[in-house]
Amino acid sequence: MGQTLTEKIFSNSLGRVVQAGEIVVVQPDVVMSHDSLTPGIIDVLQQDFGRNTVKFPNQLVFSFDHVAPASTVGTAENQNKVRAFAQRNNIRLFEVGRGICHQVLVEEGIAQPGFIVLGADSHSTSYGAVGAFGSGMGSTDVAAIWATGKTWLRVPETVRVLITSRFQPGVGPKDLALKIGRELTISGATYQTIEYHGLDWMPLHGRQTLCSMAVELGAKAGIVPPSGEIRRRFTVPEWLFVDEDAEYVRTLEINLDDLQPQIAIPHAVDHVVDLSTVAGMKFHQIFLGTCTNGRYEDMREAASILEGKQISDQVRMIVTPASSQELLKATQDGTLATLITAGATITTPGCGACMGRHQGTLAKNDVCLSTGNRNFKGRMGDPTSSIYLVSPAVAAASALYGVVTDPTSL
Amino acid sequence: MSIIWKFGNDVDTDQIVPGRYAPYMRPNEDVGKAAFIEAHPEFNKLAEPGDIIVAGENFGCGSSREYAVLALKRRQIGAIIAKSFARIFYRNAINLGLILIEAPQVVDELSDHDLCTLDLDENRLEVGNHIHRLPEISPFAREIVSAGGLVAYIQTNSRLPGE
C-alpha cells in the first residue's frame with residue numbers, strides 16, 4: 001500500500017516503514033526557535049535539565065523576529081542572553097532585521113524537501129511549502145530536543161485537499177487558504193497533516209501562504225508535494241513523491257473557477273465569508289506582512305493596485321516585509337517606491353504587528369485589515385479591537401477607498 | 001470544593017495569555033497573573049488553586065506559547081476538562097504536568113460556577129449529589145504527567161517517552 005508524504009518522511013528518518021498512528025522517536029533535521037521563546041528554552045535547559053550545552057549545535061537555528069529590534073530593556077536583555085548562548089554553543093543565529101524565521105529558513109536552504117523541521121512556533125507548518133514536515137512545539141519539548149537531539153511524535157493521518165483549475169484575476173493563495181479554513185474549520189485537521197494536491201503550477205510564495213495557515217485548522221503539518229519551482233530551487237529526494245494509493249482520512253475538493261475573494265471576520269480564522277458580504281465596511285489600519293503574506297510577491301501585488309494612486313486619508317497602511325531579501329527585491333523594481341509614494345509606511349522585516357507587541361498595536365475599537373493568519377480577539381492590541389484577514393490584493397484595494405473593497409471590482 | 005469555570009469552543013492561546021503579557025515582554029512579572037486577563041477578568045481575579053476549567057472543542061488553539069499552560073499551572077488549576085484540545089497545547093500541558101481530560105459527554109452537563117470535587121485516582125467528578133465518570137487519561141500521557149512532566153520523565157528514565 002502507498003504512503004502519505006508524512007509517512008514517507010518519517011520512514012526515511014527512521015530507516016524503516018512507519019504508518020500513521022504510530023508513536024515514534026525521531027531526530028529532527030532542524031530545530032528552530034525565535035527571540036520570543038528562546039530565552040525561556042535556555043532557562044529550561046539550564047535550570048530544569050541542569051545542562052549548559054546542547055546535544056547537536058548544528059541541529060539548532062535561532063532567529064530574531066518577534067520583537068526585533070528590541071522594544072524594551074527587558075526584550076533587549078533577553079536578546080543578549082540568546083546571543084551569548086548562541087556564541088558559546090556555536091549555534092546559527094539570524095539577527096534583527098534578517099526576517100521572519102519561517103521565511104529565512106527557506107531562503108537560507110536550511111529547510112529542505114524531506115526534512116523534519118520542528119520549531120518553537122506554531123507557524124512552523126510553513127516548511128511544508130518546500131516539501132518538509134514542519135511542525136510547532138512548546139518550549140519544554142524544544143528544550144528536550146536541545147538536550148537529547150530527539151523527540152517523540154505521533155505520525156499523523158493526512159487530509160488531502162485537491163485543487164483544480166487556476167485563480168481568477170484578483171484572487172490568490174490567501175483566498176484559497178481562507179476558503180480551506182472555511183471548509184475544514186478551525187479544528188477540522190487537528191492532529192493531522194494537510195496535503196495540498198493539484199498545485200504543481202503554484203510558485204513557492206503561494207505554497208508558503210497555504211502551509212503557514214495549516215496550523216489554523218489544528219493541523220500538525222501542511223505539505224505541498226514538491227514540484228515546479230521547488231524542484232528548480234531545491235534538491236528533492238527521489239522517494240519524495242505522491243503515491244496514487246496513499247490513504248487519506250478525507251479529501252476536500254476545491255475548484256478555483258468558483259473561488260471569489262475571501263475574508264475572515266472576527267474573532268476566528270474559520271469565520272470566513274465571501275468578501276462581498278462585508279464590502280463597504282470602514283476600517284482604520286492595514287497591516288501587510290507576516291509569514292503568511294509578507295513576501296515580495298505580496299508587496300508587488302499591492303503595489304500593482306496602488307501604482308500612481310494615493311491610499312485614503314482615513315486609513316494608515318503598515319508594510320512589514322517578511323525578510324531582508326524580500327525587502328531588497330522590493331527596492332529593486334520600484335515596488336517599495338510605489339508603496340511609499342501611495343502613502344504606506346515600511347517597517348523593519350520581522351513579525352511586526354501580528355501579535356500586537358509593536359509596530360502597529362491596535363487601540364480600543366480599532367479595526368484592522370491584516371494579511372496575517374490570526375484574528376483572535378485582542379491579538380493585535382486592545383481586546384475591543386478587531387482583525388479581518390484578507391489577501392494583499394484586498395488590502396491594497398481597500399486602502400484606496402478606506403472601506404473594504406473587492407480588487408476584482410477595480 | 002472547587003469551582004468550575006466554564007468556557008466555550010475554540011478558546012485560543014491569545015485569550016489565555018495575550019502575547020503582550022509574554023514573559024519575554026514582562027520578564028519580572030508572574031505570568032500566572034495574566035491568565036485570562038482580558039478574555040475573562042472574573043477568572044483572572046477570582047480563580048483559586050484547585051479550580052477546574054471546563055470547555056468545549058479545541059481548547060488552547062493557536063500559538064505554541066507554552067506560557068499559556070504555565071500561567072494556568074501557576075494558578076494551580078486542578079484540571080481542564082474539555083470536549084477536545086488543540087495539539088500543541090495538549091503536548092505543552094503534558095510536558096508541564098497540567099491535567100487535561102478529554103470528556104465530550106460530560107462537558108454539556110456541567111455549568112459555570114458549579115461546585116465540584118475531582119478525584120483523579122477514581123476518574124470521577126462530583127457535582128452536588130451527581131457523580132460524573134471521566135474517561136481515563138491515555139497511559140502515554142499519564143506516564144509523563146505522573147513523572148512530573150517531560151523533563152522529570154527524561155531525567156528519571158534516561159530516555160524519551162516512546163523510546
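This section describes the fold of chain A, three of its residues, and the interface between chain A and chain B. The model is predicted.

Chain A contains 13 helices and 18 strands. Its radius of gyration is 20 Å, close to the 22 Å that the globule rule gives for 410 residues, so chain A is as compact as a globular protein of that length. Along the principal axes, the C-alpha atoms of chain A fill a box of roughly 55 × 55 × 40 Å. Burial was assessed over the 410 residues of chain A, and 65% of them count as buried. Contacts in chain A were also sorted by sequence separation. Of those with a separation of 6 or more, 76% join residues 24 or more positions apart.

Three residues of chain A were examined individually. His205(A) sits in helix H7, which spans residues 204–212 of chain A. Its relative accessible area is 17%. The cut-off for a buried residue is under 20%, so His205(A) counts as buried. Residues up to four places away in sequence were set aside when its contacts were listed. On that basis, His205(A) touches Arg295(A), Glu297(A) and Asp298(A).

Ile318(A) belongs to a strand. The element is S15 of chain A, covering residues 316–320. Ile318(A) has a relative accessibility of 10% and is likewise classed as buried. Its contacts, leaving aside neighbours within four places in sequence, include the run Gln285(A), Ile286(A), Phe287(A) and Leu288(A). Thr345(A), Thr347(A), Gln359(A) and Gly360(A) are also in contact with Ile318(A). A further spatial relation links Ile318(A) to Ala353(A). The two are 35 residues apart in sequence, and their C-alpha atoms are 8.8 Å apart.

Leu327(A) is placed in helix H11 of chain A, residues 324–332. Neighbours within four places in sequence were again left aside. Leu327(A) is then in contact with Met299(A), Pro321(A), Leu336(A), Ile346(A) and Pro349(A). One of these partners, Ile346(A), is separated from Leu327(A) by 19 residues in sequence and by 9.4 Å from C-alpha to C-alpha.

The interface was analysed next. The size of an interface is often given as the accessible area lost when the parts come together. Chain B and chain A bury about 3600 Å² between them. Carbon and sulfur atoms carry 59% of this area. In chain B, the residues that lose the most area to chain A are Tyr24(B), Arg87(B) and Arg91(B). Together they make up 24% of what that side buries. By residue count, the contact takes 48 residues from chain A and 38 residues from chain B.

Polar and charged pairing across the interface was then examined. The rule finds 3 salt bridges between chain B and chain A. Lys150(A) forms a salt bridge with Glu163(B), and the closest N and O atoms of this pair are 2.4 Å apart. Polar contacts were counted for residues both at pLDDT 80 or more. Across the interface, 22 residue pairs are in polar contact.

On the side of chain B that touches chain A, three elements give two or more residues: helix H4 (87–96), helix H6 (139–147) and helix H7 (150–157) of chain B. H4(B) gives the most, with 7 residues. The residues of this side of chain B divide into 18 nonpolar, 9 polar and 11 charged.

Key:
Residues are numbered from 1 along each chain as its sequence is written. Chains are lettered from A and ligands numbered from 1 in the order in which they are written. This is a predicted model: local features need pLDDT of at least 70, side-chain atom pairs count only at pLDDT 80 or more; totals for chains, interfaces and linings use all residues. Side-chain values use heavy atoms; hydrogens and water are left out. Contact means heavy atoms within 4.5 Å. Buried area is the accessible area (1.4 Å probe) that two parts lose on being put together, summed over both. A salt bridge is a side-chain nitrogen of Lys or Arg within 4 Å of a carboxyl oxygen of Asp or Glu. A polar contact is a pair of N or O atoms within 3.5 Å; within protein, one must be able to donate a hydrogen and the other to accept it, and residues adjacent in sequence count only if both atoms are side-chain atoms. Helices (H or I, at least four residues) and strands (E, at least two) are DSSP runs, numbered from the N terminus. Ala, Val, Leu, Ile, Met, Phe, Trp, Tyr, Cys and Pro count as nonpolar, Asp, Glu, Lys and Arg as charged, and the others, Gly among them, as polar. The radius of gyration is taken over C-alpha atoms; the globule rule is 2.2 Å times the number of residues to the power 0.38. Buried means under 20% relative accessible area, exposed over 50%, partly exposed in between (1.4 Å probe, protein chains only).
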